[in-house]
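Here is a set of short exercises to work through with the structure open beside you. Try each task before you read its solution.

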Amino acid sequence: MELLERFADGDPDAFESLFRQFQREVYSWIVRIARDPAAAEDLTVETFWRIYRAQAHFDPARSFGAWARRIATNAAVDYVKSRRKETELPESSAAAPEANPGIRREQRDSIRRAFRALPAQLQLAATLALIEERDYGEIASALGASKETVKSRVFRATRLLREKLKRMGWEP
Amino acid sequence: MNDRDYENLRATLRSALPPVADVELSRDLWPRMIERLDRQSARVAWFDWALLALLSVWLVLFPNALPALFYHL
């Protein structure tokens, strides 16, 4: 029996094989959304926990990677929403390279605050499309939405962000 | 918003929130996954707790039922 079929049948060895095969890919996707390597490790485990619980619903004819990425996206969005409720956290230095020194720290913080105040779904689409420059098709697949929906979210995110920055007296 | 405004905004955003560099997973997470699975399987379901509570109440109200319970166990 194929690995994916064994997994869908609840075989623990098949789950372990898939975990080992996909943990890096899942982690790499999550870290782009969560922007925090330590949190991304926890979220990778959380993603596979959700995968483990949902294994009976998995269709072996479909791509495991795409399915895992969608579950990972949901877990990462939950994290982004919960982080928003907590105190504003600084950008993780391990995840992000030095920001442009041409922009003053104060301005950078304003942009970050405005960006993180966007609705979670808009923030997610904008993070993946504008910052990480991922393909719209790839984002749509991970979000379980159409390309048009993703484009619309990115458009709304940029419009909202521009308005917020204007109100802060900062016009890009 | 025209294309130029859009590009300016994108550049500004990327300056403040730079893209995440290719961060590699530095360790195998399987041991943590095992811990998570063990922790979850050791958890007692709410239904079992409810059943236990019901049984305790029943024994308090009807202590004479204890021998019958042991007989059936």
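Domain bounds, as used here, come from an automatic or database domain assignment. Keep in mind that this is a predicted model.

**Exercise 1. Domains of chain A**

Task: Find the domains that the assignment gives for chain A, and describe how they touch.

Solution:
- Step 1: Start with the bounds. The assignment gives domain 1 (1-92) and domain 2 (103-172) in chain A.
- Step 2: Locate the centres. Taken over C-alpha atoms, the centres of domain 1 and domain 2 of chain A are separated by 23 Å.
- Step 3: Look at the contact. Domain 1 of chain A has 11 residues in contact with 12 residues of domain 2 of chain A.
- Step 4: Ask which elements of domain 1 take part. Those of chain A that give two or more residues to this side are α2 and α4 (64-85). The largest share, eight residues, comes from α4(A).
- Step 5: Sort the residues on the domain 1 side by class. They divide into four nonpolar, one polar and six charged.

**Exercise 2. A helix pair**

Task: Work out whether α5(A) and α8(A) are parallel, antiparallel, perpendicular or oblique.

Solution:
- Step 1: Take the geometry. The axes of α5(A) and α8(A) come within 9 Å and cross at roughly 135 degrees.
- Step 2: Compare with the cut-offs. Angles over 145 degrees count as roughly antiparallel, and 65 to 115 as roughly perpendicular. The crossing angle therefore makes α5(A) oblique to α8(A).
- Step 3: Add the handedness. The crossing of α5(A) past α8(A) is right-handed.
- Step 4: Name the residues. α5(A) contributes A:I111, A:A114 and A:F115, while α8(A) contributes A:L161, A:K164 and A:L165. By class, this contact has five nonpolar, no polar and one charged residues.

**Exercise 3. An enclosed helix**

Task: Explain why α6(A) is described as largely enclosed.

Solution:
- Step 1: Recall the cut-off. A residue is buried if 20 or more other C-beta atoms lie within 10 Å of its own.
- Step 2: Apply it. In α6(A), 10 of the 12 residues are buried, so the helix is largely enclosed by the rest of the structure. Among them are A:L122, A:L128 and A:I131.
- Step 3: Look just past the helix. There, A:E133 takes a positive phi of about 50 degrees.

**Exercise 4. Where the chains meet**

Task: How many residues does each chain bring to the contact between chain A and chain B?

Solution:
- Step 1: Chain A brings 36 residues and chain B brings 23 residues.
- Step 2: On the chain A side, α2(A) gives the most, with eight residues.
- Step 3: That side has 19 nonpolar, five polar and 12 charged residues.

Key: Residues numbered from 1 in each chain as written. Chains lettered and ligands numbered in written order. Predicted model: local features only at pLDDT ≥ 70, side-chain atom pairs only at ≥ 80, totals over all residues. Contact = placed C-beta atoms within 7 Å. Helix = DSSP H or I, 4+ residues; strand = E, 2+ residues; numbered from the N terminus. Nonpolar A, V, L, I, M, F, W, Y, C, P; charged D, E, K, R; others polar. Axes fitted to C-alpha atoms, helices over the stretch in contact; angles between N-to-C directions. Parallel < 35°, antiparallel > 145°, perpendicular 65-115°, else oblique. Left-handed = near helix turned anticlockwise from the far one by under 90°.
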